[in-house]
Amino acid sequence: KVAEILKKSENLNLTDWNAMNIATVSAKSIPSSRMVLLKKINDDGLVFYTNFNSKKGNDLKVNKKSSMCFHWKSIRRQVRIIGTVEKVTDKEADDYYNSRPYKNKIGAWASSQSEILNKRDDFIKKIETYEKKYPSNDVPRPTHWSGWRLLPSQIEFWLDGEGRIHERLNYKKEKGSWKKELLYP
């Protein structure tokens, strides 16, 4: 069902149809959310890629619970997904990484994502260093860069309604099967 809705959203030519908010919680129980791009969805779950040493990467290493939210204001819909994450296989990460543009691959090496940057020129110099080290598109995937797959345990479909009389359809996974329920707006 989620894959169908996301595919329909992609086919509507929505701007950034795959942009989603992902929320994590740190080891100190501090929540954090940010926008990332969904890169794959199938029966196994929803996949996004990142630097595993980033804020979200470190959060997910210690607390595998997460939530995602897609919001498409132009069609007045939202999808919320709650679940646990697992690391994608190295083959999946390699396949996706190898499909990326050259600059994106270099950026994965040069960026110490979420760390303090004293001055932007330091980052530019790191980019130049990696461009010299890897002058062609054959840039290996850094070991700290991979993907997470969210395995849903709850999915809510929200449809905007006039007068705030929204429709909310919620699915919860219980003992391996999905239970459907309606929620008040």
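**Exercise 1.** Is Asp59 buried or exposed?

*Solution.* The model is predicted: local features need pLDDT of at least 70, side-chain atom pairs count only at pLDDT 80 or more, and totals for chains, interfaces and linings use all residues. Residues are numbered from 1 along each chain as its sequence is written, and side-chain values use heavy atoms, with hydrogens and water left out.

Step 1. The classes are defined by relative accessible area: buried is under 20%, exposed is over 50%, and partly exposed lies in between (1.4 Å probe, protein chains only).

Step 2. Asp59 has a relative accessible area of 4%, and is therefore buried.

Step 3. A salt bridge (a side-chain nitrogen of Lys or Arg within 4 Å of a carboxyl oxygen of Asp or Glu) joins Asp59 to Lys55, with 2.9 Å between the closest N and O atoms. Lys55 is partly exposed, because its relative accessible area is 33%.

Step 4. Helices (H or I, at least four residues) and strands (E, at least two) are DSSP runs, numbered from the N terminus. Lys55 and Asp59 are about one helical turn apart, because four residues separate them in helix 2 (residues 55-62).

**Exercise 2.** Determine how the buried residues of helix 2 are arranged and what covers them.

*Solution.* Step 1. The buried residues of helix 2 are Lys56, Gly57, Asp59 and Leu60.

Step 2. Viewed down the helix axis, these residues fall within an arc of 165°, so they line one face of helix 2. The arc is that of the directions from the helix axis to the C-beta atoms.

Step 3. With contact taken as heavy atoms within 4.5 Å, the cover of these residues includes strand 1 (19-25), strand 2 (31-37), strand 4 (45-51), strand 5, strand 6 and strand 7.

**Exercise 3.** Describe how strand 6 pairs with strand 5 and with strand 7.

*Solution.* Step 1. Two strands pair if DSSP finds at least two bridges between them. Strand 5 (residues 65-72) and strand 6 (residues 77-87) are antiparallel and share eight bridges. Within this pairing, Ser66 is opposite Gly83 of strand 6.

Step 2. Four residues lie between the strands of this hairpin, where Arg76 adopts a positive phi near 60°.

Step 3. Strand 6 also runs antiparallel to strand 7 (residues 145-159), with eleven bridges between them. Ile82 has Gln154 of strand 7 as its bridge partner.

**Exercise 4.** Which parts of the structure does the salt bridge between Arg149 and Glu92 tie together?

*Solution.* Step 1. The whole structure holds 14 salt bridges. In one of them, the side chains of Arg149 and Glu92 meet at 2.3 Å, N to O.

Step 2. Arg149 belongs to strand 7 and Glu92 to helix 3, so the pair ties together parts that are 57 residues apart in sequence.

Step 3. Both Arg149 and Glu92 are buried. A network of salt bridges links these two residues with Lys40 and Glu86.

Step 4. Another salt bridge, between Asp121 and Lys125, has its closest N and O atoms 3.5 Å apart. Asp121 and Lys125 are both in helix 5, four residues or about one turn apart. Asp121 is partly exposed at 38% relative accessible area, and Lys125 is partly exposed at 46%.

**Exercise 5.** Locate Lys91 and characterise its surroundings.

*Solution.* Step 1. Lys91 lies in helix 3 (residues 90-99).

Step 2. Its relative accessibility is 57%, so Lys91 counts as exposed.

Step 3. The side chains of Lys91 and Asp95 make a polar contact of 2.7 Å. A polar contact is a pair of N or O atoms within 3.5 Å; within protein, one must be able to donate a hydrogen and the other to accept it, and residues adjacent in sequence count only if both atoms are side-chain atoms.

**Exercise 6.** Which residues of the largest nonpolar core touch the most other members?

*Solution.* Step 1. A nonpolar core is a set of buried Ala, Val, Leu, Ile, Met, Phe, Trp, Tyr and Cys residues joined through side-chain atoms within 4.5 Å.

Step 2. The largest such core has 22 residues, of which Met20, Leu46, Phe48, Met68, Phe70, Val79 and Ile81 touch the most other members.

Step 3. Strand 7 makes the greatest contribution to this core, with four residues.

Step 4. Beyond its neighbours within four places in sequence, Met68 has contacts that include Met20, Ile22, Leu46, Phe48 and Leu150.

Step 5. Val47, Tyr49, Ala108 and Trp109 are among the 14 residues of a second, separate core.
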